[in-house]
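Please find below my notes on this model, set out as numbered points. They deal with the fold in outline, one small sheet, and the empty spaces in and around the chain.

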Amino acid sequence: MDTKKMMKTGNTWGKLLLFCFAVLGIFFYFSAYAAPQSFGEAKVQARRSIYHDQNQSEPGTLYCGCKWIWTGKTGGRVDLDSCGYVPRKNANRAARIEWEHIVPAWVMGHQRQCWQNGGRKNCTKTDPVFRVMEANLFNLAPAIGEVNGDRSNYLYGMVSRTMPNQYGQCTTRTDFKERTTEPRDKVKGFVARVTFYMYDHYGLSMSKAQQRILMAWNHQFPVAAWERELDNRIAKLMGHHNRYVTGEKTWKLDQKPSREGLSNTLQPKTN
């Protein structure tokens with residue numbers, strides 16, 4: 001083989017090796033940061049990689065601090081006695097674990113065109129931006145199904161101090177007339193920091209009144225060790241941290257959102 005042919009062959013093999021290394025690099029990158037692309041996928045990842053050992057932990061379920069037993073891929077049966085929970089109305093739903101969107105799907109989607117054309121189901125089907133928001137692991141937490149249903153798409157806020165507990169010893173309460181849910185003290189700071197992250201990350205709009213309530217909770221209830229651990233676990237899948245948990249960011253009234261979560265997301269497809 002002459003020198004020119006040898007050089008040509010060497011260049012070909014070099015390019016092939018570079019291509020192989022590039023493919024392997026992409027493979028390992030996405031293996032390390034396998035952010036879910038659907039709500040169903042997110043629930044499986046949350047069960048398997050984030051909350052797998054939290055069902056008997058002290059924080060317990062989001063709103064009531066109950067322990068539970070895992071069932072199936074993503075479900076669970078709640079130990080109501082572990083937290084003194086008494087069903088308000090729906091005993092069947094109170095007995096099961098559901099995955100709560102801390103920032104409700106309605107808040108994320110109701111102003112999007114897909115929602116106007118067919119609600120959440122249509123958004124999940126046609127809008128990749130909504131699917132990414134719906135599947136964000138920072139925004140999901142295991143909750144008692146009845147409380148999840150009662151909270152619905154209500155915003156967080158303060159309810160009347162005279163309102164009695166609605167679920168036995170669980171102190172999360174929902175004012176249905178005012179369409180407001182006040183979570184138990186232990187998670188007020190947690191839900192505030194998740195809300196800041198979601199609104200900042202996806203450019204959502206928040207009223208001044210809501211901002212002030214959550215800013216007060218963030219100050220009054222600082223980041224706990226269990227919250228940092230959850231953030232670290234989620235970051236391994238999402239590829240980034242909630243910087244309102246790490247302390248790299250602090251919410252300021254009427255701040256301009258970063259919209260970082262939208263920068264590489266496809267626009268909704270059209271029919």
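Which helix gives the most to the lining of the second largest pocket? The points below take up that question after a word on the model as a whole.

1. The coordinates are those of a predicted model, and the remarks that follow should be read with that in mind. The protein has 12 helices and 7 strands, and of its 271 residues 46% count as buried. Among contacts with a separation of 6 or more, those between residues 24 or more positions apart account for 66%.

2. On the question above, the answer is helix 4, which contributes 3 residues to the lining of the second largest pocket. Helix 4 (105-109) is joined there by helix 7 (128-134) and helix 9 (188-202), each of these three supplying at least two residues of the lining. The volume of this pocket comes to about 390 Å³.

3. The lining of the second largest pocket consists of 21 residues, and those that lie nearest its centre are Val107, Gln111, Gly203, Leu204 and Ser205. When the lining is divided by class, 11 residues are nonpolar, 8 are polar and 2 are charged.

4. Val107 also appears among the contacts of Asn153, which touches Pro104, Trp106, Val107 and Arg179 when residues up to four places away in sequence are not counted. Asn153 itself sits in the loop that runs between helix 8 (145-151) and strand 5. With Arg179, Asn153 makes a polar contact between side chains, at 3.2 Å.

5. Strand 5, which follows that loop, belongs to an open sheet of 3 strands, arranged in the order 5-7-6 and with mixed pairing. Strand 5 (155-156) and strand 6 (173-175) are the edge strands, each of them pairing on one side only. Strand 5 and strand 7 (residues 180-182) run parallel and are joined by 2 bridges; within this pairing, Leu155 has Thr180 of strand 7 as its bridge partner.

6. Turning to enclosed space, how many cavities of 30 Å³ or more does the structure hold? There are 3 of them, and the largest has a volume of about 130 Å³. Its lining is made up of 15 residues, with Tyr51, Pro59, Gly60, Trp226 and Leu230 lying nearest the centre of this largest cavity. Strand 4 (140-144) and helix 11 (225-238) each supply at least two residues of that lining, which divides into 10 nonpolar, 4 polar and 1 charged.

7. The second largest cavity has a volume of about 70 Å³, and the residues that line it are Tyr51, Phe138, Phe190, Val194, Glu227, Leu230, Asp231, Ile234, Asn242 and Val245. Helix 9 and helix 11 are the elements that give two or more residues to this lining, and helix 11 gives the most, with 4 residues. By class, the lining of the second largest cavity has 7 nonpolar, 1 polar and 2 charged residues.

8. Some elements recur when these linings are read side by side. Helix 9 supplies residues to the second largest pocket and also to the second largest cavity, while helix 11 supplies residues to the largest cavity and to the second largest cavity. At the level of residues, Tyr51 and Leu230 are among those nearest the centre of the largest cavity, and Tyr51 and Leu230 also line the second largest cavity.

Note on methods: Residues are numbered from 1 along each chain as its sequence is written. This is a predicted model: local features need pLDDT of at least 70, side-chain atom pairs count only at pLDDT 80 or more; totals for chains, interfaces and linings use all residues. Side-chain values use heavy atoms; hydrogens and water are left out. Two strands pair if DSSP finds at least two bridges between them. On a 1 Å grid over the protein atoms alone, a cavity is a set of points where a 1.4 Å probe fits but cannot get out, and a pocket is an open set with protein on both sides within 12 Å along at least five of seven lines; lining residues have an atom within 4 Å of a point. Grid points are joined across faces, edges and corners, and a volume is the space filled by probe spheres set on the points. Ala, Val, Leu, Ile, Met, Phe, Trp, Tyr, Cys and Pro count as nonpolar, Asp, Glu, Lys and Arg as charged, and the others, Gly among them, as polar. A polar contact is a pair of N or O atoms within 3.5 Å; within protein, one must be able to donate a hydrogen and the other to accept it, and residues adjacent in sequence count only if both atoms are side-chain atoms. Contact means heavy atoms within 4.5 Å. Buried means under 20% relative accessible area, exposed over 50%, partly exposed in between (1.4 Å probe, protein chains only).
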